[in-house]
Amino acid sequence: MHIEVGDIINRSDEQRIAQLLFDADFSFINYDYTKILNLLSEVNEDTLKRKTDQVHYQFLRGQYALKSDRNEMNENSCVLFANAL
């Protein structure tokens, strides 16, 4: 099956990042853009190891840039968001 233990069991730092991304997802339901920005700024993009976390993070950044009235995300996030669709 070519499945490694690391694919099944998340490390504590990966669980924390997954929880931050989940919380940011939930904050979109409440239109709490300040909380979304705070949650996303806690994630260091360079340390994301799992591809799903990288895509999820970029998706949230792009969604934030498109839906908020703030211009705090860079153009690259919007492009990555569009590519994720």
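The following paragraphs lead through the fold, its helix packing, its nonpolar core and its aromatic cluster.

The model is a predicted one. Its protein chain contains 5 helices and 0 strands, and along the sequence the pattern reads α-α-α-α-α. Of the 85 residues in the chain, 32% count as buried. Among contacts with a separation of 6 or more, 44% join residues that lie 24 or more positions apart.

A pair of packed helices is described by the angle between the two axes and the distance between them. For α3 and α4, the angle is about 150 degrees and the axes are 11 Å apart. The crossing of α3 and α4 is left-handed. On the α3 side, the contact is formed by Y33, I36, L37 and L40, which meet Y57, L60, R61, Y64 and K67 of α4. By character, the residues of this contact comprise 7 nonpolar, no polar and 2 charged.

In soluble globular proteins, nonpolar side chains tend to be buried together. Here, the largest nonpolar core has 15 residues, and L21 and L40 are those with the most contacts inside it. Helices α2 (12-29), α3 and α4 each supply at least two residues of this core. Which residues does L21 contact, leaving aside its neighbours within four places in sequence? The partners of L21 are L40, V43, D53, H56, Y57 and L60. Of these, L40 also belongs to the α3 side of the contact with α4, while Y57 and L60 belong to the α4 side.

The structure also holds 2 aromatic pairs. In one of them, F28 and Y33 are arranged edge-to-face, with 6.1 Å from centre to centre and 80 degrees between the planes. F28 counts as buried because its relative accessibility is 10%, under the 20% cut-off. Y33, with a relative accessible area of 16%, is therefore buried as well. The ring of Y33 also pairs with that of Y64: the centres are 6.1 Å apart and the planes lie at 65 degrees, so this pair is edge-to-face. Because Y33 lies in helix α3 (residues 33-41) and Y64 in helix α4 (residues 51-67), the pair ties together parts that are 31 residues apart in sequence. Both Y33 and Y64 are buried, and both take part in the contact of α3 with α4. Ring pairs thus link F28, Y33 and Y64 into a cluster.

Key. Residues numbered from 1 in each chain as written. Predicted model: local features only at pLDDT ≥ 70, side-chain atom pairs only at ≥ 80, totals over all residues. Heavy atoms only, no water. Phe/Tyr/Trp six-rings, centres within 6.5 Å; stacked < 30°, edge-to-face > 60°. Buried < 20%, exposed > 50% of the residue type's maximum accessible area, 1.4 Å probe, protein only. Helix = DSSP H or I, 4+ residues; strand = E, 2+ residues; numbered from the N terminus. Axes fitted to C-alpha atoms, helices over the stretch in contact; angles between N-to-C directions. Left-handed = near helix turned anticlockwise from the far one by under 90°. Contact = heavy atoms within 4.5 Å. Nonpolar A, V, L, I, M, F, W, Y, C, P; charged D, E, K, R; others polar. Core = buried A, V, L, I, M, F, W, Y, C linked by side-chain atoms within 4.5 Å.
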